[in-house]
Amino acid sequence: MEKGIGVELATRSSIEMRNSVDDDEDLDCKVSFLRIVETFLRLFTIGLCVTALVIMLKNSEENEYGSVAYSDLGAFRYLVHANGICAGYSLFSVVIVVMPRPSTMPRAWAFFLLDQVLTYIILAAGAVLSEVLYLTEKGLPTAAWSSVCGSFGSFCHKIKASLAITFVAVICYILLSLISSYRLFSKYDSPSSQVNNSNKDIAAFNV
């Protein structure tokens, strides 16, 4: 009887070890794939943010109606600063990601929090600029604010280009936030696995 129990336990242990090895291999493949995607997204956001920043910095127009520049309005300046901050963070974070170092809990928490903050910063910049662009195109008759784009078409076209690029960067940051969230919370055991482990310990104790 004891021999049968011993053989059963040994067989169960070997099966669990084999399953554990397969799970580790799948986990390694998933981690390497996520690292590639994350590295690409962080590099891509650098180019996007720098491009949107440069377009807005060089956005000025002068004609017979007068002159206008990005520095005339706080929303445009905020967009420039937000894209600059996001580009700098993306450059810093991609250096950390490509370094062959194990992902620790403090590092996972840092990426999770910073990705969330930067996502909201760049999203706020895009939202504010969208409202300003609407006012420059449509005007606001109740406030005696006429349309600007009719007189400064090139200026408005550059605003639209910078806005479109900024929202692509927003999408990239949302994806990065999802990846960093997955990296962080996958380090915690699910309640079901904890219950299963406790049940196994109880069964082994009873045997």
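## Glu38, a buried charge

Let's start with Glu38, which counts as buried because its relative accessibility is 4%, under the 20% limit used for that label. This is a predicted model, so keep in mind that each value here is computed from predicted coordinates. Glu38 has a salt bridge to Arg183, and the closest N and O atoms of the two are 3.1 Å apart. That pair ties together distant parts of the chain: Glu38 is in helix H1 and Arg183 is in helix H4 (residues 153–185), with their positions 145 residues apart. What about the partner, Arg183: buried or exposed? Arg183 is buried, since its relative accessible area is 18% and buried means under 20%.

## Arg42 and the rest of the network

Glu38 has another partner in Arg42, and here the closest N and O atoms of the salt bridge are 2.9 Å apart. This pair stays inside one helix: both residues belong to H1 (residues 2–57), four residues apart, or about one turn of the helix. Glu38 and Arg42 are both buried.

Now follow Arg42 onwards. Asp115 forms a salt bridge with Arg42, with 2.9 Å between the closest N and O atoms. Again, distant parts of the chain are linked, with Asp115 in helix H3 (residues 105–138) and Arg42 in H1, 73 residues apart. Asp115 is buried, as is Arg42. How many salt bridges does a search of the whole structure find? It finds three. Put together, Glu38, Arg42, Asp115 and Arg183 are linked in a network of salt bridges. As a bit of background, side chains of opposite charge can pair when their charged atoms come close.

## Around Ser180 and Phe111

Stay in helix H4 for a moment and look at Ser180, which lies there. Ser180 counts as buried because its relative accessibility is 2%. Leaving out residues up to four places away in sequence, Ser180 touches Phe111, Phe112 and Asp115. Asp115 is a familiar name by now, being part of the salt-bridge network.

Phe111 is worth a stop too. This residue lies in helix H3, and Phe111 counts as buried because its relative accessible area is 12%. Which residues does Phe111 touch, not counting those up to four places away in sequence? They are Arg42, Tyr89, Ser93, Ile96, Val97 and Ser180. Take Val97 from that list: Phe111 and Val97 are 14 residues apart along the chain, and their C-alpha atoms are separated by 9.9 Å.

## Thr119 in helix H3

Thr119 is found in helix H3 as well. Thr119 is buried, given its relative accessible area of 10%. Once neighbours within four places in sequence are set aside, Thr119 is in contact with Tyr173, Ile174 and Ser177. You can also compare Thr119 with Ile171: 52 residues separate the two in sequence, while their C-alpha atoms are 8.8 Å apart in space.

## Where H2 meets H4

Next, a pair of helices. Two packed helices are described by the angle between their axes and the distance between the axes. For H2 and H4, the axes come within 12 Å and cross at roughly 35°. The crossing of H2 and H4 is left-handed.

Which residues meet there? On the H2 side they are Phe76, Leu79, Asn83, Cys86, Tyr89 and Ser90, and on the H4 side Phe155, Ile159, Ser162, Thr166 and Tyr173. Two of these names have come up before: Tyr89 is among the residues touched by Phe111, and Tyr173 is among the contacts of Thr119.

## A nonpolar patch outside

Over on the surface, Leu91, Val95, Val98 and Met99 form a nonpolar patch, with about 320 Å² of accessible area together. Leu91 is found in helix H2, which covers residues 74–98.

## The chain as a whole

Finally, step back. The chain has five helices and two strands, and from the N terminus on its elements run α-β-β-α-α-α-α. What share of the 207 residues counts as buried? The figure is 32%. The accessible surface comes to about 12800 Å², and 67% of it belongs to carbon and sulfur atoms. Among contacts between residues at least 6 apart in sequence, 81% join residues at least 24 apart.

Key:
Residues are numbered from 1 along each chain as its sequence is written. This is a predicted model: local features need pLDDT of at least 70, side-chain atom pairs count only at pLDDT 80 or more; totals for chains, interfaces and linings use all residues. Side-chain values use heavy atoms; hydrogens and water are left out. Patches are made of residues with over 30% relative accessible area and no salt bridge: like charges are joined within 9 Å, nonpolar side chains (Val, Leu, Ile, Met, Phe, Trp, Tyr) within 5 Å. Accessible areas come from the Shrake-Rupley method with a 1.4 Å probe; for residues, only the protein chains shown count as cover. A salt bridge is a side-chain nitrogen of Lys or Arg within 4 Å of a carboxyl oxygen of Asp or Glu. Buried means under 20% relative accessible area, exposed over 50%, partly exposed in between (1.4 Å probe, protein chains only). Contact means heavy atoms within 4.5 Å. Axes are lines fitted to C-alpha atoms, for helices over the stretch in contact, and angles run from 0 to 180 degrees between N-to-C directions. A crossing is left-handed if the near helix is turned anticlockwise from the far one by less than a right angle, and right-handed if clockwise.
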